[in-house]
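Trainee: Could you walk me through reading a few features of a model, beginning with how helices pack?
Mentor: Gladly; let us put the model up and take the features one by one.

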Amino acid sequence: MVIADSTTVNLYKLAAAALDARRDRRVIVTDVDNFPSDRYVMEGLAAARDLELRWLHPHPVRGPQTEEVVEAVRAGDVALVSLSHVGFKSGAIADMAAITAAAHDQGALVLWDLSHSAGSLPVELDAVGADLAVGCTYKYLNGGPGAPAFLYVRREHQDHMRQPIWGWFGQREQFGMGSTYDPAPGIERFLVGTPPILSLAAVGAGLDVTIEAGMDRLRAKSAVATALMTALFDEWLHPLGLELGTPRDPEQRGSHVSLVHPEAWQLTQALQAAGVIPDFREPDAVRLGFAPVYTRFTDAWDAMDRIRDIVASGAHRSFPSHRARVT
Ligand SMILES: *Cc1c(COP(=O)(O)O)cnc(C)c1O
């Protein structure tokens with residue numbers, strides 16, 4: 001694992017490396033509810049290399065299931081399966097071990113996006129045999145906006161895979177500054193250039209508190225918090241016409257809860273004005289992320305209470321219904 005570049009750039013680097021390692025195959029599999037960059041990067045690679053993009057259409061709340069991946073790779077023509085471990089909208093957890101095994105059975109590689117997993121639940125990349133993974137450090141790892149991302153390449157792939165951006169940080173003798181590119185052995189060949197040093201320092205601080213708190217304890221706290229939120233949803237919000245856009249079983253979800261409402265954008269603005277900072281996710285979801293390092297149960301309670309007040313009084317209707325660019 002190394003910290004480098006943005007999640008999007010790392011998706012491109014690792015997907016290209018995987019496609020180069022499976023040159024005899026012509027298909028990339030991803031799902032229609034994946035995060036935009038994850039879809040667009042695969043679209044771009046498919047267009048540039050004249051490959052087929054095979055879309056999964058998972059249930060919007062349950063997310064991609066193993067059977068759907070089994071079906072998609074069945075023909076033995078898939079080079080790469082690219083999925084998010086925790087869905088950015090639904091928060092659903094994909095079965096990383098079973099999906100990876102299903103892809104491997106048919107000779108495909110798997111690239112996991114861990115942006116919503118890292119810092120919110122334990123992830124066992126080595127144990128499940130994952131090939132490749134990327135993720136950001138500015139959600140549950142608290143590196144701050146724009147902090148550099150991470151990437152993982154399974155040990156046995158590191159020396160034979162190559163990423164397409166041949167920069168001096170990936171060179172065997174970086175300060176030898178040789179006339180041609182000679183990739184470093186191991187994970188260092190997946191580096192490109194100089195990282196943003198100030199943000200990198202913030203990632204270090206975010207990781208320190210995460211490690212100090214302990215991933216198992218953070219996961220336990222997060223599961224209780226999202227269970228509290230779904231219980232309050234049932235009690236207070238369902239009667240007001242909201243729907244739950246997140247799996248009910250805590251084992252099946254990460255650290256956020258999505259609430260579905262036709263006026264979700266106005267509700268998001270009203271919540272921000274009331275001191276609760278959610279995300280609006282197209283077309284109709286208010287996403288409440290619970291960062292377990294610093295968010296308290298009382299914050300989760302207050303957020304749900306304020307949503308109840310706003311929806312019950314209709315106060316959100318005084319906010320504009322047209323979207324802002326950043327939501
Ligand atoms: C947040 C997020 C990203 C962010 O990509 P950047 O290149 O760092 O902006 C990518 N993928 C997923 C699934 C995310 O949730």
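Mentor: We start with a definition: a crossing is right-handed if the near helix is turned clockwise from the far one by less than a right angle, and left-handed if anticlockwise. Keep in mind that this is a predicted model.

Trainee: Which handedness does the crossing of H3 and H4 have?
Mentor: The crossing in which H3 passes H4 is right-handed.

Trainee: And what else should I look at when helices pack?
Mentor: Two packed helices are described by the angle between their axes and the distance between the axes. Here, helix H3 (residues 66-73) and helix H4 (residues 96-105) have axes that come within 9 Å and cross at roughly 15°. Angles under 35 degrees count as roughly parallel, so H3 is roughly parallel to H4.

Trainee: At what angle do H8 and H10 pack?
Mentor: Helix H8 (residues 215-237) packs against helix H10 (residues 297-313) at an angle of about 20°, and their axes are 10 Å apart. That makes H8 roughly parallel to H10. The crossing of H8 past H10 is right-handed.

Trainee: Let us turn to the ligand. Which residues are around the ligand?
Mentor: Going along the chain, you will find Ser6, Thr7, Thr8, Phe35, Asp38, Ser84, Asp113, Ser115, His116, Tyr138 and Lys139 around the ligand. Sorted by class, this shell has two nonpolar, six polar and three charged residues.

Trainee: Which atoms of the ligand should I pair with Thr7, Asp113 and Lys139?
Mentor: For Thr7, pick an oxygen atom of the ligand, which lies 3.1 Å from a polar side-chain atom of that residue. For Asp113, pick a nitrogen atom of the ligand, 2.8 Å from an N or O atom in the Asp113 side chain. With Lys139, an N or O atom of the side chain is 2.6 Å from an oxygen atom of the ligand.

Trainee: How much of the ligand does the protein bury?
Mentor: The ligand exposes 390 Å² when taken alone, and the protein buries 87% of that.

Trainee: Last, the backbone. Is the peptide bond from Glu282 to Pro283 cis or trans?
Mentor: The bond from Glu282 to Pro283 is cis, and its omega is near -5°. Look for Pro283 in the loop between strand S10 (279-281) and strand S11 (285-289).

Trainee: And what is phi of Asp5?
Mentor: Asp5 has a phi near 55°, a positive value in a residue other than glycine. You will find Asp5 in the loop that runs between strand S1 (2-3) and helix H1 (7-21).

Conventions. Residues numbered from 1 in each chain as written. Predicted model: local features only at pLDDT ≥ 70, side-chain atom pairs only at ≥ 80, totals over all residues. Heavy atoms only, no water. Near = heavy atom within 4 Å. Polar contact = N/O pair within 3.5 Å; in protein donor to acceptor, adjacent residues only side chain to side chain. Areas by Shrake-Rupley, 256 points an atom, 1.4 Å probe, with all protein chains shown as cover. Nonpolar A, V, L, I, M, F, W, Y, C, P; charged D, E, K, R; others polar. Axes fitted to C-alpha atoms, helices over the stretch in contact; angles between N-to-C directions. Helix = DSSP H or I, 4+ residues; strand = E, 2+ residues; numbered from the N terminus. Parallel < 35°, antiparallel > 145°, perpendicular 65-115°, else oblique.
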